[in-house]
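Biologist: I'm new to this one. Can you walk me through it?
Modeller: Sure. Here it is.

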Protein chains: 2
Amino acid sequence: MKLRIGIVGCGTVGQGFLECLDRKADDLRARYGFEAKITAIADPVRGNLIAPQGLDIRKTIKVLAQGGKMHAVDTRAAKYDGVPTVDIIETAGADLIAELTPTDLKTGEPATSHIVRALMTGKHVVTTNKGPLALHYRELSELARKRKLAFRFEGAVMSGTPVFNMAEAGLAGVSIKEIRGILNGTTNYILGRMEEEGLDFAEALSQARKLGYAETDPSADVEGRDALAKIVILANVLLDAGLKPAAINPAGIGSITRAMIASAREDGFRYKLIAYVRREGARITAGVGPRKLSLSDPLARIAGARNALTFDLDLLGSITLEGPGAGRIETGYAVLQDVLAIHRDLK
Amino acid sequence: MKLRIGIVGCGTVGQGFLECLDRKADDLRARYGFEAKITAIADPVRGNLIAPQGLDIRKTIKVLAQGGKMHAVDTRAAKYDGVPTVDIIETAGADLIAELTPTDLKTGEPATSHIVRALMTGKHVVTTNKGPLALHYRELSELARKRKLAFRFEGAVMSGTPVFNMAEAGLAGVSIKEIRGILNGTTNYILGRMEEEGLDFAEALSQARKLGYAETDPSADVEGRDALAKIVILANVLLDAGLKPAAINPAGIGSITRAMIASAREDGFRYKLIAYVRREGARITAGVGPRKLSLSDPLARIAGARNALTFDLDLLGSITLEGPGAGRIETGYAVLQDVLAIHRDLK
């Protein structure tokens, strides 16, 4: 039986996911007996399509990569023009909805409404969207649990680096005392350039932009809001913390100067933008800010745009997981990881 | 329903596992609805006991920690004196056997026979024993699969650091191009002391012994055979390689001198004992040997007795997992991790 998947938001991540499916189709069939059928795509820019017979994945990748719209994939797309996304989700004929729209950390919308509609109409959900998770994780996971549906989100933190899929079985039974990490690649890249090349902040940011690390509006990265959303997600999922991002004031790297970095370096320290959540008794605190780390700290050595998390655990001491924090294929693969976990549990 | 567990080999790891169960009993009940009943212990030194009603875990920990035997836990132990371990396994009244006897890398015995008997009599198996995995993984996993039983072994590599439990869901769908790692804490500690304190090999080994890192006979560590067994296990489990340890000649660290380390350091390199497995087309190669790593390699920075693995993956690039490589509680926790995964899948 093919798993019927609807994709909501088919930008960079959605196209990365399609490419993973296409590249790995034979391998996934051989190793897991897995076959995907994409029965719907809903995207406000690229158009909507419901295709019960399954659409041509390779053709879709090609059309969208060239900036084309869904009606260039299939002429029947025209009849779904203007149909609200939630209605596409409801009638998608899908077992699973991949919610891959852009993140809005203020409202969590429209992704939260998409996820709710998918769960209410009996569909498993995979998302990479930080908004619904940072703002509404408890309600959404409770809704999924009640409906006996899967709700997975590996790609929301560290792209395809398997943070949640590691924690699910691999941290079962331990108590997490603290999670600390580098969760924003753009700022880690900027701090690295400032230290290694003696650039000032503006110069390093401009380099990050040229390499595609920094967005046109880099403020969510630079001011620590992106890292905050991720640590709140980790806190709420792995420590059941019930934190709200709005209650925490992150510090960014805008105030870190070349001179501060040089002076820290002379003392054997390195500035990193650190996100943390910590349990002390019944109290859970979280935050984001630049920290001077000793060079012996595993997080001090995370270079370039890479991400890492150190878990401090009662039965295991500390473990550190390092990997890519972003990327089209890397985040697309996160979606595939979750889809395969759902497929495994369905069998 | 309580999960009924028989423990075969109740030395350091078995006692560590019991301690994890005891420390976490309330938490595991609350979080997972998990309760364990230890219905049997079989140990050639400490004695045998079958206790259908479940034995007193705290008392067992206390007696064994003081060097006592099973008859000091329960007088009924006397009647199992001299009963073969495989017969204890067969009649243990257990849902799951934890095979925790010492490793024999030449024969894989007696652990392999224990595991076979457990699977043949319908019991799930958790082990930390490298012997059966390095020598007979394919046959044992096939037997478990046919009998629809779980066969898990998180503690065989990197103690409780969740290598296999991460890979199970977290690396699903990717192809592993290469795994490289530091899989022996003793030799990593020795190389570190030689570099940092300018000790020669014998002095550093003596320090490792004092700290309890090195065994009385450290040859399996120093000559690379321990790391080889672990990389063969990773290769056979994660790459379906079908390798045999006897076919690979590991190089150890005995020939690395203080002068070589100092000279490498001047050039910006650091010696590490690296185990690797690599896929090139249909060909899979594996080995163990000292390597001069650039300081920018994440593995160059793994300090002390810690372990780490870098996975090179087609859809994700590289990820590195660092954590403890040994330890009583850390390895006992590996057993708990696997037991909880089995419990979750039973539900």
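Modeller: One term before we start: two strands pair if DSSP finds at least two bridges between them. Ile97(B) stands opposite Val125(B) in strand 5 of chain B. Keep in mind that this is a predicted model.

Biologist: In what sense do strand 4 and strand 5 of chain B pair?
Modeller: Parallel, over four bridges. Strand 4 of chain B covers residues 96-99, and strand 5 covers 124-127.

Biologist: Which strand do four bridges join to strand 4 of chain B, besides that?
Modeller: Strand 1 of chain B, residues 3-8. Those two also run parallel. Val8(B) has Glu99(B) as its bridge partner there.

Biologist: Are the faces of strand 4 of chain B covered or open?
Modeller: Both are covered. Leu96(B) and Ala98(B) are buried on one side. Ile97(B) and Glu99(B) are buried on the other.

Biologist: What unit do strand 4, helix 5 and strand 5 of chain B make?
Modeller: A right-handed β-α-β unit. Helix 5 of chain B spans residues 111-120.

Biologist: How many residues of that helix 5 of chain B are buried?
Modeller: Seven of its 10. Among them are His114(B), Ile115(B) and Arg117(B).

Biologist: What do the buried residues of helix 5 of chain B pack against?
Modeller: Strand 1, strand 4 and strand 5 of chain B, plus helix 4 (85-90) and helix 6 (130-146).

Biologist: And which residue follows helix 5 of chain B?
Modeller: Gly122(B). Its phi is positive, near 80 degrees.

Biologist: New topic. How many residues does each chain bring to the contact?
Modeller: Chain B brings 35 residues, and chain A brings 35 residues. On the chain B side, helix 1 (12-32), helix 7 (163-170), strand 11 (317-323) and helix 13 (328-346) each supply at least two.

Biologist: Which of them gives the most?
Modeller: Helix 13 of chain B, with seven residues.

Biologist: How many residues on that side of chain B are nonpolar, polar and charged?
Modeller: The side of chain B that touches chain A has 20 nonpolar, 10 polar and five charged residues.

Biologist: Where does strand 11 of chain A pair with chain B?
Modeller: With strand 11 of chain B, in the antiparallel sense, over three bridges. Leu321(A) has Leu321(B) as its bridge partner.

Biologist: What turn lays chain B on chain A?
Modeller: A turn of 180 degrees, with a shift of 0.0 Å along the axis. The RMSD is 0.0 Å. That is how a two-fold axis relates copies. Both copies use the same surface: 100% of the contact residues of chain B recur in chain A.

Conventions. Residues numbered from 1 in each chain as written. Chains lettered and ligands numbered in written order. Predicted model: local features only at pLDDT ≥ 70, side-chain atom pairs only at ≥ 80, totals over all residues. Contact = placed C-beta atoms within 7 Å. Nonpolar A, V, L, I, M, F, W, Y, C, P; charged D, E, K, R; others polar. Least-squares fit on C-alpha atoms with pLDDT ≥ 70 in both. Buried ≥ 20, exposed ≤ 12 C-beta atoms within 10 Å, placed from the backbone. Right-handed = clockwise from strand over helix to strand, strands pointing away.
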